[in-house]
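Me: Hi! Could you walk me through this structure while I have it open?

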Amino acid sequence: MFVNFFYTLKDRGIPVTPTSFLRLQNAMSKGLVHSLDDFYTVARTILVKSERYFDTYDQIFAHHFRNASLEDPTAVELNEVARAMLEEWLQNPQELADMLGIDKDKLKKMTPEELIQYFLERLKEQTEAHHGGNKWIGTGGTSPTGHSGYHPGGMRVGGASRNHSAIKVALDRRYRDYSQEGPLTQSQIGEALRRLRRLMPTGPKDVVNVDKTIYETMRNAGEIDIIFDRRLTDRLKVMLLIDNGGWSMEPYIGVVQTLFHYASSQFKDLKIFFFHNTIYSRVWADPQRYYKPQDVDELIRWDPETRVIIVGDASMAPYELMHPNGAIYVDAKPSGTSIERLRFIARTFPHSVWLNPMPSDEWYYSTTVKAIRQVFTMYELTLDGLEKAVQFLTSSAK
Amino acid sequence: MLSEKNNSRFGGASKYILDDELAKIVNVSMALEMPLLLKGEPGTGKTMLAHAIAESLQMPLIVLNVKSSMKLIEALYQYDTLTRLNDSRFGDSKRNVSDIEAYIKMGKIGQAFTADKKTVLLIDEIDKADTDFQDDMLDVLDQMQFDIIEIDKTIRAKNRPVIVITSNAKKDLSDPFLGRCNFHHIAFPDPDMMRLIVSVHFPKLDEELMKICISTFYRLRELRSIEKKPATRELINWIRALKSDPDFKPKTLYQGRVPFLGVLFKKSADLQQAAQQVIKSRG
């Protein structure tokens with residue numbers, strides 16, 4: 001039954017569902033599992049749905065089957081399984097009925113208590129059958145492979161194991177690199193940013209517009225007139241302005257990098273510029289902010305439909321933002337206040353947002369954040385904030 | 001059930017090196033009649049697996065290449081209005097214009113459902129489509145049927161196809177989607193496995209050359225700040241390049257020099273990085 005195993009997986013944070021657990025039982029009852037190696041592979045492919053959890057799975061598997069003999073489920077555990085099955089049942093009766101091979105209509109007439117009782121009996125029946133060793137997992141005699149080390153009642157591994165035994169494989173922890181410690185946010189950011197993509201008709205006229213064709217054909221008194229449209233491609237221009245200087249952005253480097261990487265792979269027409277704290281007369285196309293300066297004034301020649309996303313904590317000394325000579329660089333020419341520059345960008349590109357990696361409840365302590373928020377709509381650089389920002393950028397009216 | 005399974009067990013194909021684990025997973029998925037979702041780095045042979053299954057079980061392979069703008073209906077069927085319009089105008093075809101069904105063409109999933117033989121259906125790069133597409137598609141695959149609205153007809157699968165789905169992305173697919181699939185992540189092959197793969201492609205490759213090529217290859221994969229690591233395909237091409245160079249000697253590789261670096265690193269930034277690091281490690 002491996003109920004313990006299942007619950008250990010669940011406790012350790014692998015999202016396993018009762019349905020998949022039943023599916024595993026189903027696989028075993030079909031005689032697909034002949035050895036612990038098989039069990040390792042089959043259970044993983046059915047229960048675990050992301051390589052991020054493979055490492056955890058390996059650890060649990062190794063721990064479970066090396067040190068502990070599997071004990072028969074206690075009454076409490078059976079109860080829990082039955083309860084989980086009931087929940088599953090309420091969501092999707094058909095699936096569960098198929099899985100257990102029982103009659104859906106018959107179960108429909110039962111009360112929840114009766115249902116639990118029924119599931120419980122079935123589970124017990126299966127546990128008992130398991131003792132006999134011929135129904136759920138073929139060990140101790142009926143199994144075609146006949147591993148001597150498997151204890152019929154307890155499914156314990158003893159004796160010498162083969163070179164590639166599941167335990168050894170599990171102990172190798174081949175999937176350590178994929179485990180959850182890696183950056184997770186990239187996928188979420190991607191999902192949010194993807195909505196920004198907007199398909200526009202460009203390219204060759206090679207898609208037939210059926211409605212128009214029929215209409216024109218009718219107008220032509222039945223003489224066929226085929227109307228072609230341009231095919232849809234993503235032509236959205238995106239400009240990303242990133243604050244990559246100063247210690248105040250230091251804690252957020254990870255999340256900004258993620259945004260950066262994802263954006264560069266996602267949009268065909270993406271320009272990325274860097275600045276330090278706030279924007280004066282120039283931004284830079286290189287992260288060192290040295291080799292490739294870009295005059296902010298020249299941005300006016302860009303397509304005003306460009307979506308502008310500014311990422312920065314918007315925290316600095318107020319004079320940096322307000323004073324005409326506020327630029328903290330010696331070689332920067334005096335060029336008007338920075339806040340004026342920001343207003344210029346906001347005017348030039350109606351679709352622009354400011355993403356702030358700082359949590360929003362800290363925004364009120366910073367005067368510069370307040371000032372910038374009067375110019376740009378500001379969102380938190382979180383999944384939620386990003387989604388709102390994307391929504392804001394896609395809505396055409398401002 | 002059992003008898004059917006026995007004659008349709010998957011055990012590898014001529015040009016595909018299969019590990020036991022994966023073979024087991026394929027067989028379990030076929031027995032449970034569940035789609036198998038494969039993830040993994042590019043170049044680990046996800047797509048090749050479907051070809052190999054089709055070859056070894058001698059089933060026809062139907063490939064659905066998912067595109068980002070794709071609608072589910074395109075994968076199911078297509079109502080060819082233009083031909084019908086044309087026929088109704090000129091009336092010189094054998095089709096009956098008032099019979100809409102004559103103008104319904106099956107899409108890839110539809111083809112797999114209506115085929116007389118059991119087929120292998122490969123749904124390649126599912127992650128390109130949006131989540132709605134994925135969820136809707138799994139409904140269809142779950143129920144093994146779909147409706148053609150135009151003629152109010154339900155298409156049921158004659159034979160449940162063996163379904164293989166691949167995904168390149170690091171991101172997870174939606175939970176309902178995952179719930180209905182078996183999952184496997186193909187890890188990058190280890191050096192021993194790689195040796196087998198290379199020897200399938202170059203049966204007469206010199207043992208010494210093979211050894212140094214593979215160890216160099218894995219060393220290069222360890223280089224820092226590389227965006228796209230070289231994969232199996234690059235290694236094969238690289239060995240091909242080395243073999244075709246008459247001046248090349250394995251000694252070069254032992255000295256730490258790596259010719260034809262551009263075959264392994266496809267992005268110019270990666271190539272520069274790699275070149276710098278290779279030179280540094282020699283010094």
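Reply: Happy to; we can go through the chains, their contact and a few local details.

Reply: One thing to say early on is that this is a predicted model.

Me: Good to know. What is the secondary structure of chain A?

Reply: Chain A has 16 helices and nine strands. Of its 398 residues, 31% are buried.

Me: And how many helices and strands are in chain B?

Reply: Chain B comes to 14 helices and nine strands. Chain B has 283 residues, and 30% of them count as buried.

Me: What share of the contacts is between residues 24 or more positions apart in chain A? And in chain B?

Reply: Taking contacts with a separation of 6 or more, residues 24 or more positions apart account for 68% in chain A. The corresponding figure for chain B is 75%.

Me: Okay, switching to the interface. How many residues does each chain put into the contact?

Reply: Chain A gives 32 residues and chain B gives 23 residues. On the side of chain A, the elements with two or more residues there are helix 2 (18-29), helix 3, helix 10 (185-194), strand 1 (199-208) and helix 11 (210-219).

Me: Which of those has the largest share?

Reply: That would be helix 3 of chain A, with five residues. Sorted by class, the side of chain A that touches chain B has 14 nonpolar, eleven polar and seven charged residues.

Me: So which helix of chain B does helix 3 of chain A cross, and at what angle?

Reply: Helix 3 (residues 36-47) of chain A meets helix 2 (residues 20-32) of chain B: their axes come within 10 Å and cross at roughly 60°. An angle from 65 to 115 degrees would count as roughly perpendicular and one under 35 degrees as roughly parallel, and this pair is therefore oblique. Helix 3 of chain A passes helix 2 of chain B in a right-handed crossing.

Me: Which residues make that contact?

Reply: From helix 3 of chain A there are A:Asp38, A:Thr41, A:Val42 and A:Thr45, and from helix 2 of chain B there are B:Glu21, B:Lys24, B:Ile25 and B:Val28. By class, the residues of this contact divide into three nonpolar, two polar and three charged.

Me: Nice. Now a helix pair inside chain A: how do helix 14 and helix 15 of chain A pack?

Reply: Helix 14 (residues 338-348) and helix 15 (residues 367-375) of chain A have axes 9 Å apart, at an angle of about 30°. Helix 14 and helix 15 of chain A are therefore roughly parallel to each other. Their crossing is right-handed.

Me: Which residues does each helix bring to it?

Reply: Helix 14 of chain A brings A:Ile339, A:Leu342, A:Arg343 and A:Ala346, while helix 15 of chain A brings A:Ala371, A:Ile372 and A:Val375. In this contact there are six nonpolar residues, no polar ones and one charged.

Me: Let's change topic to sheets. What is the strand order of the open sheet in chain B?

Reply: The order is 2-5-8-1-9, an open sheet of five strands with parallel pairing. Strand 2 (61-65) and strand 9 (182-186) of chain B are the edge strands, each pairing on one side only. From one strand to the next, the twist averages 20°.

Me: How many bridges join strand 1 of chain B to strand 9 of chain B?

Reply: Five bridges join strand 1 (residues 36-40) of chain B to strand 9 of chain B, and the two run parallel. Across that pair, B:Gly40 stands opposite B:Ile186 of strand 9 of chain B.

Me: And in which sense do strand 6 and strand 7 of chain B pair?

Reply: Strand 6 (residues 145-148) and strand 7 (residues 153-156) of chain B pair in the antiparallel sense, over four bridges. Their hairpin has four residues between the strands, and B:Asp152 takes a positive phi near 50° there.

Me: I've clicked on B:Ile148. Where is it found, and what stands opposite it?

Reply: B:Ile148 is found in strand 6 of chain B, and B:Lys153 in strand 7 of chain B stands opposite B:Ile148.

Me: How does B:Ile148 count in terms of exposure, and why?

Reply: B:Ile148 counts as partly exposed because it has 18 C-beta neighbours inside 10 Å; 20 or more would make a residue buried.

Me: Last one: what is B:Ile148 in contact with?

Reply: Leaving aside neighbours within four places in sequence, B:Ile148 is in contact with B:Tyr77, B:Ile104, B:Lys153 and B:Ile155. Also, the C-alpha atoms of B:Ile148 and B:Tyr79 are separated by 9.1 Å, with the two residues 69 residues apart along the chain.

Definitions and conventions
Residues are numbered from 1 along each chain as its sequence is written. Chains are lettered from A and ligands numbered from 1 in the order in which they are written. This is a predicted model: local features need pLDDT of at least 70, side-chain atom pairs count only at pLDDT 80 or more; totals for chains, interfaces and linings use all residues. Axes are lines fitted to C-alpha atoms, for helices over the stretch in contact, and angles run from 0 to 180 degrees between N-to-C directions. Angles under 35 degrees count as roughly parallel, over 145 as roughly antiparallel, 65 to 115 as roughly perpendicular and the rest as oblique. A crossing is left-handed if the near helix is turned anticlockwise from the far one by less than a right angle, and right-handed if clockwise. Two residues are in contact if their C-beta atoms, placed from the backbone, lie within 7 Å. Ala, Val, Leu, Ile, Met, Phe, Trp, Tyr, Cys and Pro count as nonpolar, Asp, Glu, Lys and Arg as charged, and the others, Gly among them, as polar. Two strands pair if DSSP finds at least two bridges between them. A residue is buried if 20 or more other C-beta atoms lie within 10 Å of its own, exposed if 12 or fewer, and partly exposed in between; C-beta atoms are placed from the backbone.
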